[in-house]
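Student: I should like to work through the ligand and metal sites of this model. May we begin with the contacts made by the bound molecule?

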Amino acid sequence: MMDAHSAARVMERCEALGRISEEPDLLVRPYGSETMRRANDTVASWMREAGMSTSRDEIGNLIGRYEGTEDKTLVLGSHLDSVRDAGKYDGILGVMVALACVEQLHDRGVRLPFSVDVVAFADEEGLRFGTTFLGSSAYAGAFDKSRLSLTDRDGETLSEVVRAFGGDPDALENAGRNNRDLLGYCEVHIEQGPVLEQKGLPVGVVTAINGQSRVRVGFVGEAGHAGTVPMEGRRDALCAAAQFVLDVESTAKAEPRAVATVGEISTLPGAVNVIPGEAEQSLDLRHPEDAVRERLRSHLERRAGEIATSRGCEHRWQVRQESAAVPTDPDLSALIGKAIEDTGLCVHRLPSGAGHDAAQVAALTNVAMLFVRCKEGISHNPAESVKREDVGVAIDVMSRLLALLAQDGRPNYRAETSQEISP
Ligand code: GLV
Ligand code: MN
Ligand code: MN
């Protein structure tokens, strides 16, 4: 089943999609943008060439369907949006590998005893609204409608952007996919960390996805003349923000397995000779245990208040998103493990520090993930890199997974891999 041609085509397609960007010299493709629409159209045309019908849902997720012979569906997918100055594989690779698997079935004229839906989620990174998983939360029926009033940098609301992108914002809350026919969801994604490379393995099976909190933190002080206002008594909002950034770092360093990042900061009025009157920053906080993450988030909220008070400033704290940690499904993961073993490789299991659409789809059906080794674990960076040979292994493993699920009419894979518990 190893097919070098399929892997080469996946690499070419990742390159092609990497050129669909809002800015000429870097990859940036936010939710609801013109380039997001072009990426969806491009992928939809590849899906149709692979014998799939295509549709989109209210938020703009692209769905390609390869019909099976029975009324069951396996969902494969990942996302097509990007961070700013992104690599070419984060999210995109998962959609392209899924498409390659369907393409192989189509080329051989094979129909499985279940349909395969390939979903290209429209927003996982949350670049535009400081959230994450807009696409997969809507698909999973877990969309939080309070997010519709969030604004982007230009003051456009999510509600307006959804409408302009062709969806009905008011329908999102109930736009989840029906799950009656679902066998599960499997997502291929680059590891975005160094473990598989260190182990010398091209792929691995994900055990769980860390939870995360995303918060907008603001400090409001008083703008003033940089040359005339004495240092004593200044209410410099950026100094408060800077102190908070270092608190975020030390808080995460003191807690095993915690990571916390301030990735964005902006000031008003933002001039060289004006004391910053306002500063706004992001906070991204993650931990494998939800209770620990919640404790750290409360601690940091308290610290923001204390820092503001000590500097004569006010503070704002807006939790934009909370995602719980999500374990992957043991049965479906075991089947991916079997598919890996069947290729002659050993199975390595690892948790994911990054968030993934699978974490939202878990509200709908059982989920599993296959990680693909990436160079030096670099991601969210244009240097992101995967080997064509590893992509070939991922296609091979996923094709074997489809075959295993199809064997003997198995959607009953659970019966073989899980134990009956007597009442
Ligand atoms: C998605 O890439 C994330 O922020 O984990
Ligand atoms: Mn990402
Ligand atoms: Mn991703």
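Student: Which side chain has an N or O atom 2.6 Å from an oxygen atom of ligand 1?

Tutor: In this predicted model, three side chains may be examined in turn. For histidine 380 the distance to an oxygen atom of ligand 1 is 3.0 Å, and for arginine 214 it is 3.1 Å. The side chain at 2.6 Å is that of arginine 286.

Student: How much of the 190 Å² that ligand 1 exposes when taken alone does the protein bury?

Tutor: Ligand 1 sits in the largest pocket. The residues around ligand 1 include Glu124, Ala354 and Gly355. Of the 190 Å² exposed by ligand 1 alone, the protein buries 96%.

Student: Which residue bridges the manganese ion (ligand 2) and the manganese ion (ligand 3)?

Tutor: The protein donors of ligand 2 come from Asp90, Glu125 and His380, at 2.0 to 2.6 Å from the ion. The two manganese ions, ligand 2 and ligand 3, lie 3.5 Å apart. The residue that bridges them is aspartate 90.

Student: How many residues apart in sequence are the parts that glutamate 125 and histidine 380 tie together?

Tutor: The donor residues of ligand 2 follow the spacing D-x34-E-x254-H. Glutamate 125 lies in the loop between strand 4 and helix 4, and histidine 380 in the loop between strand 16 and helix 11, so the pair ties together parts whose separation in sequence is 255 residues.

Student: Is glutamate 125 buried or exposed?

Tutor: Histidine 380, at 42% relative accessibility, counts as partly exposed. Buried means under 20%. At 7% relative accessibility, glutamate 125 counts as buried.

Note on methods
Residues numbered from 1 in each chain as written. Chains lettered and ligands numbered in written order. Predicted model: local features only at pLDDT ≥ 70, side-chain atom pairs only at ≥ 80, totals over all residues. Heavy atoms only, no water. Donors = N, O, S within 2.8 Å, 3.2 Å for Na, K, Ca; no water. Helix = DSSP H or I, 4+ residues; strand = E, 2+ residues; numbered from the N terminus. Buried < 20%, exposed > 50% of the residue type's maximum accessible area, 1.4 Å probe, protein only. Near = heavy atom within 4 Å. Polar contact = N/O pair within 3.5 Å; in protein donor to acceptor, adjacent residues only side chain to side chain. Areas by Shrake-Rupley, 256 points an atom, 1.4 Å probe, with all protein chains shown as cover. 1 Å grid on protein atoms, 1.4 Å probe; cavity = no way out; pocket = protein on both sides within 12 Å on 5 of 7 lines; lining within 4 Å. Sits in = over half its atoms within 2 Å of the grid points.
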